[in-house]
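Colleague: Could you take a close look at the aromatic rings in this structure? Please keep to one group and explain each term.

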Amino acid sequence: MDITHGSSREHPVVHHVEVSQTMVWLQQGVKDLRRAPADAMFYGAIFVLMGYLLIAYFDSAPQFVLTLSTLFLLAGPFLAIGLYDLARQHENTFATQRVNLWHSMVAWRVNLPGFTLYAALLALMVFGWFRVSLLMFALFFDTAALPSLDSLLSNALLPENMTFLLAYFGVGFLFAVAVFSLSVVAIPMMLDKDVDTVTAMINSVQAVYKNLLTMAVWAVMIVALTAVGFATYFIGLIVIMPVLGLASWHAYRAMISYES
């Protein structure tokens with residue numbers, strides 16, 4: 001399947017969208033999932049596998065469990081490139097035509113320099129958050145006797161644990177806001193058009209700024225639905241993550257148009 005990669009000479013225009021559009025995006029994501037359930041849930045299965053690997057390898061190390069759980073959310077936009085491509089393929093095919101799963105798996109090749117630089121910047125932010133996370137554990141706990149994850153969460157109301165969790169998730173929230181603002185439009189834009197990473201990120205921040213309330217609601221919906229997936233021991237992610245990825249493509253379409 002050959003899908004044209006748009007020209008960088010097209011000028012992006014950021015639009016204001018109403019909060020009610022967030023539900024429309026979810027509905028469109030569900031519709032796309034129904035058109036190609038196996039292809040979309042292939043990506044969902046990868047997220048489920050990531051969750052199981054996270055628990056299997058870091059069950060006894062809360063500093064890694066909480067950090068990697070946060071990174072699970074931070075890396076989502078980049079890992080969803082394949083889902084964005086599936087949604088884009090839906091726009092260019094008839095309802096009776098199948099999408100091309102392999103095309104979505106190698107979609108990053110259409111803008112290799114842009115995605116490579118974005119991955120490098122994301123890696124720097126991930127490393128920064130990882131170091132800050134370890135530092136916070138070192139400040140609040142004896143590193144020679146760190147509490148188990150179950151103990152930390154079951155005793156969350158204890159003053160020392162509550163202070164730590166508030167500080168930890170407060171700092172994590174700032175990292176998440178930064179990544180969300182830089183990626184919510186940037187990743188699908190780099191897939192859709194021949195634009196560089198910095199240009200895509202600038203437009204992404206502008207889209208968030210112009211739609212603060214809508215983007216806040218959208219971010220809360222993403223976190224809430226992801227939490228539901230986590231609460232089902234990751235099984236729910238096989239459907240939730242594809243729906244969110246496909247819906248995010250429609251969010252990009254709603255907020256960004258192009259003029260020659």
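Modeller: Here is one aromatic cluster, residue by residue. This is a predicted model, where local features need pLDDT of at least 70, side-chain atom pairs count only at pLDDT 80 or more, and totals for chains, interfaces and linings use all residues. Residues are numbered from 1 along each chain as its sequence is written, and side-chain values use heavy atoms, with hydrogens and water left out.

The whole structure holds seven aromatic pairs. Rings of Phe, Tyr and Trp (its six-membered ring) pair if their centres lie within 6.5 Å; planes under 30 degrees apart are stacked, over 60 edge-to-face, and the rest tilted.

Take Tyr 52 and Tyr 233. Their ring centres are 5.2 Å apart and their planes meet at 45°, so this pair is tilted. Tyr 52 sits in helix α2 (residues 37–58), while Tyr 233 is in the loop between α12 (212–231) and α13 (237–255), so the pair ties together parts 181 residues apart in sequence. Helices here are DSSP runs (H or I, at least four residues), numbered from the N terminus.

Tyr 233 also pairs with Phe 234. Those centres are 5.9 Å apart with planes at 50°, so this pair is tilted.

Now for exposure. Buried means under 20% relative accessible area, exposed over 50%, and partly exposed in between (1.4 Å probe, protein chains only). Tyr 52 is partly exposed at 30%. Tyr 233 is partly exposed at 47%. Phe 234 is buried at 6%.

Phe 230 completes the picture: Tyr 52, Phe 230, Tyr 233 and Phe 234 form one aromatic cluster.

Technical notes
Helices (H or I, at least four residues) and strands (E, at least two) are DSSP runs, numbered from the N terminus.
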